[in-house]
Amino acid sequence: MKKHNFSAGPCILPQEVFKEASQAVLDFNDSGLSILEISHRSKDFVDVMDEARSLALELLGLEGKGYKVLFLQGGASTQFLMTAYNLLQSKAGYINTGSWSDKAIKEAKFFGEVVEVASSKDANYNYIPKGYDVPEDLDYLHCTSNNTIFGTQIKDFPKTNAPLVCDMSSDIFSRQLDFSKFSLIYAGAQKNMGPAGTTLVVIKEEILGKIERQIPSMLDYKVHISKSSMFNTPPVFPVYTSMLTLRWLKKLGGIAAIEEENEKKANLIYSEIELNPLFKGFAAKEDRSTMNATFSLVDGDLKETFDAMWKEAGISGVNGHRSVGGYRASMYNAMTMEGVASLVDVMSDLERKA
Ligand SMILES: *Cc1c(COP(=O)(O)O)cnc(C)c1O
């Protein structure tokens, strides 16, 4: 039986995407060949890459606004250094809202001065800092829109005159934003878009070419743009599967439609966390993520019972990250309302039993 998968990443994808992707592994487009054995320069695959790129721009509302879309390798973690390599001449600002931001800061420091403009490290990142001043003289300002591990999400993005760079790995395509506020968005595919192995980069071309250092080809956005993500062999299968997920999202009604679903799912679990005296939430209420809900049992002695109950209900992947403990329910786009309801039912069953 298919489980309700709350894993933080790699994670759930739409069931129809799994089916279509597995069919393409056997026979892609009735070509008598697997998607895994065709040339990345064949028309069939070039069409896939083109469609993936244009779907990403269309869904984000960024068509005709000077943005390029890349599908790269090396995960979001490679973007931590690539953003700095390409954009950091003298000084960059970072908002530190979690372990991923912290890692991005560490990498950027290889390339220039890094100012931690604001941080919530003092409270184990259970909130999003607010009311801070952003220096005027930054090459760019970097933020993380959704903190996968801690379950917080930026609702109001920082205002700056510098290019805004955002790691959207765990909430890309989940909510409506004015994406044109961002000069560079990156996201590892495996949280809300596809399998592990590719990273989406959406970049406003005009911010490139402003620094003096030489950049090795594989780490140079301009090289990848000039070769349409085909400078070297792209991650063919992850790009194909991401494209299928973007098609699925478009058919559903795009980001506006999925945002409504995501809010309903989040409301369902957060109201249970609030009303059920056996549980407490981790993140500050106003900063709670619609993608990753973090919570724990008030009485740790109930752990064994609760764990047995959710396993029995066909639920998987709700253990919290080791740096927070407790539980984390990741509710990405493909998670259904029914899936979230099954977890909420187990939580209220526990209250009835305890
Ligand atoms: C998972 C995650 C990363 C790391 O992604 P990799 O593709 O494993 O390098 C970075 N940032 C955020 C917000 C994440 O959730």
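Contact here means heavy atoms within 4.5 Å, and the exercises below apply to a predicted model.

**Exercise 1.** Determine which residues of helix 6 and helix 7 meet, and how the two helices are oriented to each other.

*Solution.* Begin with the residues: Trp248, Leu249, Lys250 and Leu252 in helix 6 meet Gly254, Ile255, Ala257 and Ile258 in helix 7. Sorted by class, this contact has six nonpolar residues, one polar residue and one charged residue. Next take the geometry, in which helix 6 (residues 236–252) packs against helix 7 at an angle of about 80°, the axes lying 7 Å apart. Angles of 65 to 115 degrees count as roughly perpendicular, and helix 6 and helix 7 are therefore roughly perpendicular to each other.

**Exercise 2.** Work out which strands stand at the edges of the open sheet with the order 11-12-14, and what packs on that sheet.

*Solution.* The sheet is open, has three strands and pairs in the antiparallel sense. Strand 11 (279–281) and strand 14 (327–330) each have a single partner strand, so they stand at the edges, and one side of each is left without a neighbour in the sheet. On average, neighbouring strands are turned by 35° against each other, direction ignored. Helix 7 (residues 254–275) packs on this sheet and touches strand 11, strand 12 and strand 14, its direction making about 20° with that of strand 12.

**Exercise 3.** Trace the pairing of strand 3 with strand 4 and give the handedness of the crossover.

*Solution.* Strand 3 (residues 91–96) pairs in the parallel sense with strand 4 (residues 113–119) over six bridges. From strand 3 the chain passes through helix 4 (residues 99–108) to strand 4, in a β-α-β crossover that is right-handed.

Notes
Residues are numbered from 1 along each chain as its sequence is written. This is a predicted model: local features need pLDDT of at least 70, side-chain atom pairs count only at pLDDT 80 or more; totals for chains, interfaces and linings use all residues. Side-chain values use heavy atoms; hydrogens and water are left out. Two strands pair if DSSP finds at least two bridges between them. Helices (H or I, at least four residues) and strands (E, at least two) are DSSP runs, numbered from the N terminus. A crossover is right-handed if, with the strands pointing away from the viewer, the path from the first strand over the helix to the second runs clockwise. Axes are lines fitted to C-alpha atoms, for helices over the stretch in contact, and angles run from 0 to 180 degrees between N-to-C directions. Angles under 35 degrees count as roughly parallel, over 145 as roughly antiparallel, 65 to 115 as roughly perpendicular and the rest as oblique. Ala, Val, Leu, Ile, Met, Phe, Trp, Tyr, Cys and Pro count as nonpolar, Asp, Glu, Lys and Arg as charged, and the others, Gly among them, as polar.
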